[in-house]
Amino acid sequence: MAVTNLDEVMRLLGENAEVSVVGQTAFMVAAERALESEREDALFVDPYAKALSGDGLGMSDRLGEAGSQFGFKNWPEFHKVWTVVRTKFIDDILSEVAVPQMVNLGAGVDTRPFRLTAYERFKASYEVDTAEVNAVKSAFFSHNAATPLCPVVNVSADFCTAGMLTEKLSEAGFEVQAPSAFLIEGVLDFLEDSAGSFLHEVS
């Protein structure tokens, strides 16, 4: 049975559908990708973003209202623009990458493995996030019978727990000696004091 929106996914997950405020920012970014995808002159098209957005647009609008706190007074669209620019930039960079493994740290409900042809070159893409976010993404794509362009391995890990990322990636089949591309998108601000140790572990 196909699911057409985030509410349907949450009903399928039942008691496992609880997503933290930080986790919900993934839906906000999906909503912002959806807005761009609907433009006639869109820089990219994400066919899954709207269905994965939930109340993400409301969160984006509220963030825009607080723009002055981020140094963007009188620019309520700042976060929407930032998401579009960084998505396009990363898409273009990944289109030039030629390594066997992809690791997306803080993947949220990123849909690149299902929409970006560059992923055909990867032997696997390891999508790392919290268990709650991974549950949503897994349920959505499995119920929509979406076919990824390379094998997708969802990995659940807490970036604030030293050593967990290495452990969970190893358990998922990640080959530590193989050349790999690592993507860290919109994550570090949430890690606060743990950001340094996280980056050290990744490097």
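**Note on the predicted model**

1. Asn-74 is found in the loop between helix H3 (56-65) and H4, and in this predicted model its phi is near 65°, a positive value in a residue other than glycine. Asn-74 is exposed, with a relative accessible area of 73%, a value that lies over the 50% cut-off for that class.

2. A comparable case for backbone checking is Glu-192, which lies in the loop between helix H8 (188-191) and helix H9 (195-202) and has a positive phi of about 50° although it is not a glycine. Glu-192 is likewise exposed, its relative accessible area being 63%. A positive phi is also taken by Gly-14, at about 60°, just after H1.

3. As to the overall architecture, the protein contains nine helices and four strands, and their order along the sequence follows the pattern α-α-α-α-β-α-β-α-β-α-β-α-α. Of the contacts with a separation of 6 or more, 67% are accounted for by residues 24 or more positions apart.

4. The overall dimensions can be set against a simple expectation, because a compact globule with 203 residues would have a radius of gyration near 17 Å, and the protein, at 17 Å, agrees with that. Along the principal axes, the C-alpha atoms fill a box of roughly 50 × 45 × 40 Å. Buried residues make up 46% of the 203 residues, while the protein exposes about 10,600 Å², of which carbon and sulfur atoms supply 54%.

5. The largest nonpolar core has 19 residues, and those with the most contacts inside it are Val-9, Phe-27, Tyr-48, Leu-52, Val-136, Phe-140 and Phe-141. Helix H1 (6-13), helix H2 (21-37) and helix H6 (131-143) each supply at least two residues of this core, with H6 giving the most, namely five residues. A second, separate core of 15 residues includes Ala-124, Tyr-126, Leu-169 and Leu-191.

6. Within the largest core, Phe-27 deserves a closer look, since its partners are listed explicitly: leaving aside neighbours within four places in sequence, Phe-27 is in contact with Leu-6, Met-10, Val-19, Leu-52, Ser-53, Gly-56, Val-109 and Val-136.

7. In H1, the residues Leu-6, Val-9 and Leu-13 are buried, and, seen down the axis of H1, its buried residues fall within an arc of 55°, so they line one face of the helix. The general geometry helps here: an α-helix has 3.6 residues a turn, so residues three or four places apart point the same way. The buried residues of H1 pack against H2 and H6, whereas Asp-7 and Arg-11, on the other side of H1, are exposed.

8. Where is His-79 placed, and which residues does it touch? The place of His-79 is in helix H4 (residues 78-94), and, not counting residues up to four places away in sequence, His-79 touches Met-28, Glu-32 and Leu-63. His-79 is counted as buried because its relative accessible area is 8%, which is under the 20% cut-off.

9. Finally, the cysteines: the structure holds zero disulfides. Cys-150 counts as buried at 4% relative accessibility, whereas Cys-160, at 40% relative accessibility, counts as partly exposed, a class that lies between the cut-offs of 20% and 50%.

Definitions and conventions. Residues numbered from 1 in each chain as written. Predicted model: local features only at pLDDT ≥ 70, side-chain atom pairs only at ≥ 80, totals over all residues. Heavy atoms only, no water. Core = buried A, V, L, I, M, F, W, Y, C linked by side-chain atoms within 4.5 Å. Buried < 20%, exposed > 50% of the residue type's maximum accessible area, 1.4 Å probe, protein only. Contact = heavy atoms within 4.5 Å. Arc of directions from axis to C-beta. Disulfide = S-S within 2.5 Å. Rg over C-alpha atoms; globule rule 2.2 N^0.38 Å. Areas by Shrake-Rupley, 256 points an atom, 1.4 Å probe, with all protein chains shown as cover.
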